Amino acid sequence: MTQLEAVRRGDLTSALRRVAEREAVAPEELAGRVAAGTVVLPANPGHGDLDPMGVGKGLRTKVNANLGTSADYPDADKEL
């Protein structure tokens, strides 16, 4: 199960709690950001022994990418 799937089920995983602790935010607030798609937690059971980090808006680790325009990605506006 991914971190997003866990959040959608209402589960606050240990990885989510660890990232929330590291970022000094409440786990519930971080879960809301994950659900909104502004934060990604690339920490799933298949990743083995790791110290999870969050990536995204409002966190220390960010990724900036030029992905073109929405015309290049017509499905970008569709809700998941």
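## Glu23, at the end of a helix

Let's start with one residue. Glu23 lies in helix H2, which spans residues 14-23. Keep in mind that the model you are looking at is predicted.

Is Glu23 buried or exposed? Glu23 has a relative accessible area of 11%, and anything under 20% counts as buried, so Glu23 is a buried residue. Which residues does Glu23 touch, once those up to four places away in sequence are set aside? They are Leu59 and Arg60. With Arg60 there is also a polar contact to look for: the side chain of Glu23 reaches the backbone nitrogen of Arg60 at 3.3 Å.

## Arg22, one place earlier

Arg22 is found in helix H2 too. Its relative accessibility is 18%, so Arg22 counts as buried. If you follow the side chain of Arg22 in the viewer, you will see that it reaches the backbone oxygen of Pro52 at 2.4 Å.

Leaving out residues up to four places away in sequence, Arg22 touches Asp51, Pro52, Met53 and Arg60. You have met Arg60 already, as a residue that Glu23 touches.

## Ala24, just after the helix

Now step past the end of H2. Ala24 follows this helix and is found in the loop that leads to helix H3, residues 27-36. Is Ala24 buried or exposed? With 70% relative accessibility, Ala24 counts as exposed.

The backbone of Ala24 deserves a look as well. Its phi is near 60 degrees, a positive value in a residue other than glycine. For background, most residues other than glycine have a negative phi.

## The two sides of H2

Which residues of H2 are buried? They are Ala15, Leu16, Val19, Ala20, Arg22 and Glu23. These residues cover an arc of only 165 degrees around the axis, so they sit on the same side of H2. On the other side of the helix, Ser14 and Glu21 are exposed.

What covers the buried residues of H2? The cover includes helix H1, residues 3-8, and helix H3. Try turning the model so that you look along the axis of H2, and compare its two sides.

## The largest nonpolar core

How many residues make up the largest nonpolar core? There are 11: Val7, Leu16, Val19, Ala20, Val25, Leu30, Ala31, Val34, Val39, Leu41 and Leu59. The elements that give two or more residues to this core are H2 and H3. Leu59, which belongs to the core, is also a residue that Glu23 touches.

Val39 is another core member to explore. Not counting neighbours within four places in sequence, Val39 is in contact with Leu30, Arg33, Val34, Val55, Gly56, Lys57 and Leu59.

## The whole protein

Finally, zoom out. The protein has three helices and two strands. From the N terminus on, the elements run α-α-α-β-β. The protein has 80 residues, and buried residues make up 28% of them.

How are contacts spread along the chain? Among contacts between residues at least 6 apart in sequence, 39% join residues at least 24 apart. As for the surface, the protein exposes about 5,700 Å², and carbon and sulfur atoms supply 52% of that area.

Definitions and conventions:
Residues numbered from 1 in each chain as written. Heavy atoms only, no water. Helix = DSSP H or I, 4+ residues; strand = E, 2+ residues; numbered from the N terminus. Buried < 20%, exposed > 50% of the residue type's maximum accessible area, 1.4 Å probe, protein only. Polar contact = N/O pair within 3.5 Å; in protein donor to acceptor, adjacent residues only side chain to side chain. Contact = heavy atoms within 4.5 Å. Arc of directions from axis to C-beta. Core = buried A, V, L, I, M, F, W, Y, C linked by side-chain atoms within 4.5 Å. Areas by Shrake-Rupley, 256 points an atom, 1.4 Å probe, with all protein chains shown as cover.
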